[in-house]
Amino acid sequence: MRRFTWVIALVLSFSLVLAGCGKKDSGSVVKDLDSMVNKLQSYQGSGRMVLHTGQEPQEYQVEVWYQNPHYYRISLTNAKKDITQIVLRNDDGVFVLTPHLNKSFRFQSDWPENQGQVYLYQSLVQSILMDNDRHFTSDDKAYIFDVLANYQNGSLARQKIWLDKKSYAPQHVEVSDSNANVMVIVDFNQFEFGKKFDKDSFDMQRNMTSWNVTNMPTAAATAPVGNADNGAAADAGKGATGSKEAAAGSAKAPATATTGSAAGSANGAQAGSGAANGSGTTGAKAGTASGTAGASGTTGTGATGTTAGAAGDAGKQKAEQQFGVIEPGYLPSGVKKQDMSEIKLGEEKAVMLRYSGQFNFTLVESRPDSQTMSALPGDIVDLGYTLAVVTGDEKKTLTWTYDGVEFRLSTADLTQTEMIKVAQSIQDQSGK
């Protein structure tokens, strides 16, 4: 009898040991995460992000690179518009790059240490570590934490984080508002710890130029255009839709465009170069240098410099006419539009909308030429559908680019939370 009792006790003890080895509680997982994030050297992750902050869901492809101690690269691609924006941090500072416009902002900031990002592993782990009232569950493949959300957008209250049981890599994130409505979803389809990067992976110039190759694989299959270093490759590749004759004309007469912002948008100027910068000069050179380029890009009929130049001017006028004023879909309570006027930002045409009432602010819209801009010390603001830069102290300016339009929201009394709400409401609006 004693022997039987001893055998039963041994079996039960062995079963408890096995059960303890196969299942972790919240405390042990949190301890492991704390150790991991402190020893983190590098990682690369990619996935899909869906925003439910507007009238219609918006989908983006996101890719994240990190290398110790403070090198970051975040790439956000609009799935429908094929527009990519990159946030880069290296020894030179923090950059917000818009490669298809050949435009960059550079400023000094300790981002992202001073704010969370839903697609950064450090942000997810820190939100788990900081919430002492965290909720913990698990399923067959993941540990699931329900914790407070720690983001700039004050309307985001909580988030659920799924971590792989074996590696602790993030699998899925859901961020909800105070009414438990899911506003942001991130699905990681790939995540690798200990990723080895090239020496120049976090270099600003490489990220500006390599984008034209990695994100526009069809450009080589269409008419070659000008100099890829001038930022026109992305849009010019789309504009070069002519026939083989047009492609031949383009090869003989390189385009002299210095910016890529209007390339491919003026249909009347795609003869000769396959890309229009809106200037009569380029059209004239292309037509003179190559009489084999069809005026419409579909025939072999020669185009004279006068015709091509006129087409370029017509394309420029058409592009300007299509510059629609985009008004925000959200305004703070007690605020109304005061007036709207056309202004000049250097040589660029711009529109300024003034709003007044309980709060006062201006919204300036323009379609900028390519440029590099160094700003005052500032911070990155995550609008969800794009990334913005906020600068200034007493008077703040929020600057961002969306669908080729640059927006500058300036105010002395509007809170940053309200500024973000106004900026986020832009994505669902169309030009008027």
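**Exercise 1.** Which residues does Trp-400 touch, not counting residues up to four places away in sequence?

*Solution.* The model is predicted. Begin with the neighbours that precede Trp-400: these contacts include Leu-363, Leu-383, Tyr-385, Thr-386, Leu-387 and Ala-388. Then add the remaining partners of Trp-400, namely Val-405, Glu-406, Phe-407, Leu-409, Ala-423 and Ile-426.

**Exercise 2.** Identify the residues with the most contacts inside the largest nonpolar core, and describe the other core.

*Solution.* The largest nonpolar core comprises 74 residues. Inside this core, Tyr-119, Leu-398 and Trp-400 have the most contacts. Another core, of 10 residues, lies apart from it; Trp-65, Tyr-71, Phe-202 and Met-208 are among its members. As background, nonpolar side chains in soluble globular proteins tend to be buried together.

**Exercise 3.** Locate Thr-98 in the secondary structure and determine whether this residue is buried or exposed.

*Solution.* First, Thr-98 belongs to strand E5, which spans residues 93-98. Next, compare its relative accessible area of 5% with the cut-off for burial, under 20%. Thr-98 is therefore buried. Finally, leaving aside residues up to four places away in sequence, Thr-98 touches Thr-84, Gln-85, Lys-103 and Thr-401.

**Exercise 4.** Characterise the protein chain by its secondary structure, burial, contacts and accessible surface.

*Solution.* Count the elements: the chain contains nine helices and 19 strands. Turn to burial: of the 432 residues, 48% are buried. For contacts between residues at least 6 apart in sequence, 53% join residues at least 24 apart. Lastly, the accessible surface of the chain is about 21,100 Å², and carbon and sulfur atoms account for 52% of it.

How values were computed. Residues numbered from 1 in each chain as written. Predicted model: local features only at pLDDT ≥ 70, side-chain atom pairs only at ≥ 80, totals over all residues. Heavy atoms only, no water. Helix = DSSP H or I, 4+ residues; strand = E, 2+ residues; numbered from the N terminus. Buried < 20%, exposed > 50% of the residue type's maximum accessible area, 1.4 Å probe, protein only. Contact = heavy atoms within 4.5 Å. Areas by Shrake-Rupley, 256 points an atom, 1.4 Å probe, with all protein chains shown as cover. Core = buried A, V, L, I, M, F, W, Y, C linked by side-chain atoms within 4.5 Å.
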